[in-house]
Amino acid sequence: MENSKIERLLTCLLEEVQLLTVTTKADALEKFNTDFLTSDLRKAMYSAFDGEKTLPEISKEINCKLNTLQIFAQTLVDNDLVEYTTRGNARIINKSVTKIAIYYARKTIKEKE
C-alpha cells in the first residue's frame, strides 16, 4: 500500500513540474524559431531531425546539399540545442525542447548579469 501512495505522489509531482515548464518551453521554442529556423529550408532540416536518420539520408529526403545540412546541424550541436548520437561515422540528430529551453534560460541569465 505504501508504494502505491509514493507512486501517486510522484505522479502528482511530475504533473506539476510539467505544468510549470510548459510556458518556459513554449517561449523558448518561439525564440528558437525566430533565431534559428530562419528559412523554409532550415525548418525542413530541423523537422527531419528524428533521431533515426543520418544527415546524408535527410539531405536526400529534403533535397538539400549535404554540406548545407551539416553546417546547420553543427550550429545546433555547438549551441547544445539538439541531442545527437553517432552510428559509425554518421551523426544522428534528434530535436530536444528541453535543450532549447535550457539554452534560452541560460541566455536570459547571462543578459541579466
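Axes here are lines fitted to C-alpha atoms, for helices over the stretch in contact, and angles run from 0 to 180 degrees between N-to-C directions. The model is predicted.

**Exercise 1. Describe how helix α3 packs on helix α4.**

Solution.
- Step 1: geometry. Two packed helices are described by the angle between their axes and the distance between the axes. Helix α3 covers residues 55-62 and helix α4 residues 66-78. Their axes come within 9 Å and cross at roughly 120°.
- Step 2: class. Angles from 65 to 115 degrees would count as roughly perpendicular, and those over 145 as roughly antiparallel. The crossing therefore makes α3 oblique to α4.
- Step 3: hand. α3 and α4 cross in a right-handed sense.
- Step 4: residues. α3 makes the contact with L55, P56, I58 and S59, and α4 with L66, L69, Q70 and A73.
- Step 5: chemistry. Six residues of this contact are nonpolar, two are polar and none is charged.

**Exercise 2. Carry out the analysis for α2 and α3.**

Solution.
- Step 1: geometry. The axes of α2 and α3 are 10 Å apart, and the packing angle is about 130°.
- Step 2: class. α2 is oblique to α3.
- Step 3: hand. The crossing of α2 past α3 is right-handed.
- Step 4: residues. From α2 come L41, A44, M45 and A48. They meet I58, E61 and I62 of α3.
- Step 5: chemistry. The contact of α2 with α3 has six nonpolar residues, no polar ones and one charged.

**Exercise 3. Locate S59 and decide whether S59 is buried or exposed.**

Solution.
- Step 1: place. S59 sits in helix α3.
- Step 2: exposure. The relative accessible area of S59 is 8%. Buried means under 20%, so S59 is buried.
- Step 3: surroundings. Beyond residues up to four places away in sequence, S59 touches C64, K65, L66 and L69.

**Exercise 4. Treat T54 likewise: where is T54, and which residues does T54 touch?**

Solution.
- Step 1: place. T54 belongs to strand β1, residues 50-54.
- Step 2: exposure. With a relative accessible area of 9%, T54 is buried.
- Step 3: surroundings. Setting aside residues up to four places away in sequence, T54 touches R87, A90, R91 and I92.

**Exercise 5. Dissect the largest nonpolar core.**

Solution.
- Step 1: background. In soluble globular proteins, nonpolar side chains tend to be buried together.
- Step 2: size. The largest nonpolar core here has 23 residues. F32, Y46, F49 and L76 have the most contacts inside this core.
- Step 3: contributors. Two or more residues come from each of α1 (2-35), α2 (40-48), α3, α4 and α5. α4 gives the largest share, five residues.
- Step 4: one member up close. Neighbours within four places in sequence are left aside. F49 then contacts L55, I58, L69, F72, A73, L76, I93, N94 and K95.

**Exercise 6. Place R106 and E113, and give a C-alpha distance for each.**

Solution.
- Step 1: R106. Helix α5, residues 97-112, holds R106. R106 is exposed, at 51% relative accessible area.
- Step 2: its distance to N67. R106 and N67 lie 39 residues apart in sequence. Their C-alpha atoms are 29 Å apart in space.
- Step 3: E113. This residue lies in the segment after α5. E113 is exposed, with a relative accessible area of 77%.
- Step 4: its distance to L10. E113 and L10 are separated by 103 residues in sequence and by 35 Å in space, C-alpha to C-alpha.

Note on methods. Residues are numbered from 1 along each chain as its sequence is written. This is a predicted model: local features need pLDDT of at least 70, side-chain atom pairs count only at pLDDT 80 or more; totals for chains, interfaces and linings use all residues. Side-chain values use heavy atoms; hydrogens and water are left out. Helices (H or I, at least four residues) and strands (E, at least two) are DSSP runs, numbered from the N terminus. Angles under 35 degrees count as roughly parallel, over 145 as roughly antiparallel, 65 to 115 as roughly perpendicular and the rest as oblique. A crossing is left-handed if the near helix is turned anticlockwise from the far one by less than a right angle, and right-handed if clockwise. Contact means heavy atoms within 4.5 Å. Ala, Val, Leu, Ile, Met, Phe, Trp, Tyr, Cys and Pro count as nonpolar, Asp, Glu, Lys and Arg as charged, and the others, Gly among them, as polar. Buried means under 20% relative accessible area, exposed over 50%, partly exposed in between (1.4 Å probe, protein chains only). A nonpolar core is a set of buried Ala, Val, Leu, Ile, Met, Phe, Trp, Tyr and Cys residues joined through side-chain atoms within 4.5 Å.
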